[in-house]
Amino acid sequence: MEEKARPGMSNGEYLLLENLSKSYLEGDKTRIVLQDACAEFCQGDFTAILGKSGSGKSTLLNLISGIDLVDRGRVWLNGQNLTGMDDQQ
């Protein structure tokens with residue numbers, strides 16, 4: 001499995017979001033919910049996700065947790081590519 005080193009984070013845990021994109025079909029139209037979202041979170045960080053209704057907060061959390069699949073991009077947890085894992089992994 002592919003791994004990614006995180007500069008300066010050799011001993012700590014981290015979550016890295018790389019260019020996450022997600023869209024949904026609504027009837028005959030495509031609704032883009034996230035487009036090229038990037039972020040990083042280190043062990044011990046406290047982060048709030050804020051935004052108006054429909055801005056992609058729940059979608060982002062669903063992508064991080066693996067509930068939903070990304071259209072494009074990667075979710076890394078401690079160097080492991082979560083988006084490259086199957087359900088069993």
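Which helix gives the most to the lining of the largest pocket? Helix H1, residues 57-65, does so, with 3 residues. The legends below describe close-up views of this predicted model.

**Figure 1. Overall arrangement of the protein chain, a predicted model.** The secondary structure of the chain comes to 1 helix and 4 strands. Read from the N terminus, these elements follow the order β-β-α-β-β. The chain has 89 residues, of which 24% are buried. Among contacts between residues at least 6 apart in sequence, 56% join residues at least 24 apart.

**Figure 2. The largest pocket and its lining.** The space in this pocket is about 310 Å³. Its lining consists of 14 residues, and those closest to the pocket centre are Gly 66, Leu 69, Leu 82, Thr 83 and Met 85. Sorted by class, the lining has 7 nonpolar, 4 polar and 3 charged residues. Helix H1 is the element that gives the most to this lining.

**Figure 3. The largest nonpolar core.** This core is formed by 9 residues: Leu 15, Leu 17, Leu 20, Val 33, Leu 34, Leu 60, Leu 63, Ile 64 and Val 75. At least two core residues come from each of strand S1 (14-26), strand S2 and helix H1. Leu 15 may serve as a starting point for examining the view. Beyond its neighbours within four places in sequence, Leu 15 is in contact with Ala 39, Glu 40, Phe 41, Ile 64, Val 75, Trp 76 and Leu 77. Two of these partners, Ile 64 and Val 75, are themselves listed in the core.

**Figure 4. Asn 78 and its contacts with residues 12 to 14.** Asn 78 occupies the loop between strand S3 (72-77) and strand S4 (80-81). When neighbours within four places in sequence are set aside, the contacts of Asn 78 are Gly 12, Glu 13 and Tyr 14. Asn 78 and Tyr 14 are 64 residues apart along the chain, yet their C-alpha atoms are separated by 5.4 Å. The side chain of Asn 78 reaches the backbone nitrogen of Tyr 14 at 2.8 Å. Asn 78 counts as partly exposed because its relative accessible area of 34% falls between the limits of 20% and 50%.

**Figure 5. Two asparagines with positive phi.** Most residues other than glycine have a negative phi. Asn 19, in strand S1, has a positive phi of about 50 degrees. Asn 19 is partly exposed, at 37% relative accessibility. For Asn 78, phi is likewise positive, near 50 degrees.

**Figure 6. Arg 31 and the backbone of Gly 54.** Arg 31 belongs to strand S2, which spans residues 29-42. Its side chain reaches the backbone oxygen of Gly 54 at 2.9 Å. Not counting residues up to four places away in sequence, Arg 31 touches Lys 22, Ser 23, Tyr 24 and Glu 26 as well as Gly 54. With a relative accessible area of 34%, Arg 31 is partly exposed.

**Figure 7. The side chains of Asn 81 and Thr 83.** Asn 81 is found in strand S4. The side chain of Asn 81 makes a polar contact with that of Thr 83, at 2.4 Å. Asn 81 is classed as buried because its relative accessibility of 6% is under 20%. Thr 83 is also among the residues closest to the centre of the largest pocket.

Methods:
Residues numbered from 1 in each chain as written. Predicted model: local features only at pLDDT ≥ 70, side-chain atom pairs only at ≥ 80, totals over all residues. Heavy atoms only, no water. 1 Å grid on protein atoms, 1.4 Å probe; cavity = no way out; pocket = protein on both sides within 12 Å on 5 of 7 lines; lining within 4 Å. Points joined across faces, edges and corners; volume = space filled by probe spheres on them. Nonpolar A, V, L, I, M, F, W, Y, C, P; charged D, E, K, R; others polar. Buried < 20%, exposed > 50% of the residue type's maximum accessible area, 1.4 Å probe, protein only. Contact = heavy atoms within 4.5 Å. Polar contact = N/O pair within 3.5 Å; in protein donor to acceptor, adjacent residues only side chain to side chain. Core = buried A, V, L, I, M, F, W, Y, C linked by side-chain atoms within 4.5 Å.
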